[in-house]
Amino acid sequence: MRQPVFSRPLRLLTACLIFVSALLGVSPLQAQTVPPSKAATLHLSQAQINEDGSYWGILDITLNKQVKTYWRTPGEAGLPPRFDWTGSVNLADVSLSWPVPIRFEDGGGHSIGYENSLTLPILFKPVDPRKAITIDLTLDYAVCETLCLPLHERIRAVFDKSKGVTGVQ
């Protein structure tokens, strides 16, 4: 059985976290100050319909206080986000417009990413501009306070010219 691409790095990251926690004398549960399900909130919304049938959407990632997430090229210690659009329908192309990140110290090195929130404009191009786009995004990313936590989120929406955005989860 083929395993997801992200599972191997997750296993390595988990093993490293357990090892470092043991060296520091801290159990992983004590070090995890922000529960993964409460560390960030995702929201996908439709922002604009273009004449060519494409849509501008906004992915908002709201982070809890003192939590950071990484940019597409995260630096020495970061984990880049991984976007999987394969469950989407009538989606020909996706273009992410990354806002300018900040550089922050991350343990023994520096990383590049975002604090507080990330508002990511996304251009969705349909295969058939006359039909709605069903967006099915699986996002693997990390949020960090003292230690980094890998998160796996799924969000779905329908962008339709006649109805606006529906089915946002």
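A salt bridge here is a side-chain nitrogen of Lys or Arg within 4 Å of a carboxyl oxygen of Asp or Glu. Arg-154 and Asp-136 fit the bill, their side chains meeting at 2.5 Å, N to O. This is a predicted model, and the distances quoted are computed from it. The Arg-154 and Asp-136 pair links distant parts of the chain, with Arg-154 sitting in strand 10 and Asp-136 in strand 9, 18 residues apart. Asp-136 is buried, at a relative accessible area of 10%, while Arg-154 comes out as partly exposed at 47%.

The count of salt bridges comes to 3. Another of them joins Asp-140 to Arg-82, at 3.1 Å from N to O. Asp-140 belongs to strand 9 and Arg-82 to strand 4 (residues 82–84), so this pair ties together parts that are 58 residues apart in sequence. Asp-140 has just 2% relative accessibility and counts as buried, because the cut-off for that label is under 20%. Its partner Arg-82, at 29%, is partly exposed. There is also a bridge between Arg-130 and Asp-128, with 3.0 Å between N and O. Here Arg-130 is exposed at 73% relative accessibility, and Asp-128 is buried at 15%.

Strand 9 turns up again in the nonpolar packing. The largest nonpolar core holds 30 residues, and Leu-59, Ile-61, Phe-124 and Val-143 are the ones touching the most other members. At least two residues apiece come from strand 1 (40–49), strand 2 (55–63), strand 8 (117–126), strand 9 and strand 10 (148–160). Strand 9 is the biggest giver, with 6 residues. As for Ile-61, its contacts beyond four places in sequence are Ala-40, Thr-41, Leu-42, Asn-116, Ser-117, Leu-118, Leu-139 and Tyr-141. A second, separate core is made up of 5 residues, among them Tyr-70, Phe-104, Ala-142 and Cys-148.

Next, the empty space. Searching the whole structure turns up 2 cavities of 30 Å³ or more. The second largest cavity contains about 40 Å³ of space. Its lining consists of Ile-61, Thr-69, Tyr-70, Pro-81, Phe-83, Trp-98, Leu-118, Leu-139 and Tyr-141. Strand 3 (68–75) and strand 9 (133–144) are the elements that give two or more residues to this lining. By residue type, the lining splits into 8 nonpolar and 1 polar, with no charged residues. Ile-61 therefore appears both among the lining residues and among the best-connected members of the largest core, as judged by buried residues joined through side-chain atoms within 4.5 Å.

Technical notes:
Residues are numbered from 1 along each chain as its sequence is written. This is a predicted model: local features need pLDDT of at least 70, side-chain atom pairs count only at pLDDT 80 or more; totals for chains, interfaces and linings use all residues. Side-chain values use heavy atoms; hydrogens and water are left out. On a 1 Å grid over the protein atoms alone, a cavity is a set of points where a 1.4 Å probe fits but cannot get out, and a pocket is an open set with protein on both sides within 12 Å along at least five of seven lines; lining residues have an atom within 4 Å of a point. Grid points are joined across faces, edges and corners, and a volume is the space filled by probe spheres set on the points. Helices (H or I, at least four residues) and strands (E, at least two) are DSSP runs, numbered from the N terminus. Ala, Val, Leu, Ile, Met, Phe, Trp, Tyr, Cys and Pro count as nonpolar, Asp, Glu, Lys and Arg as charged, and the others, Gly among them, as polar. Buried means under 20% relative accessible area, exposed over 50%, partly exposed in between (1.4 Å probe, protein chains only). Contact means heavy atoms within 4.5 Å.
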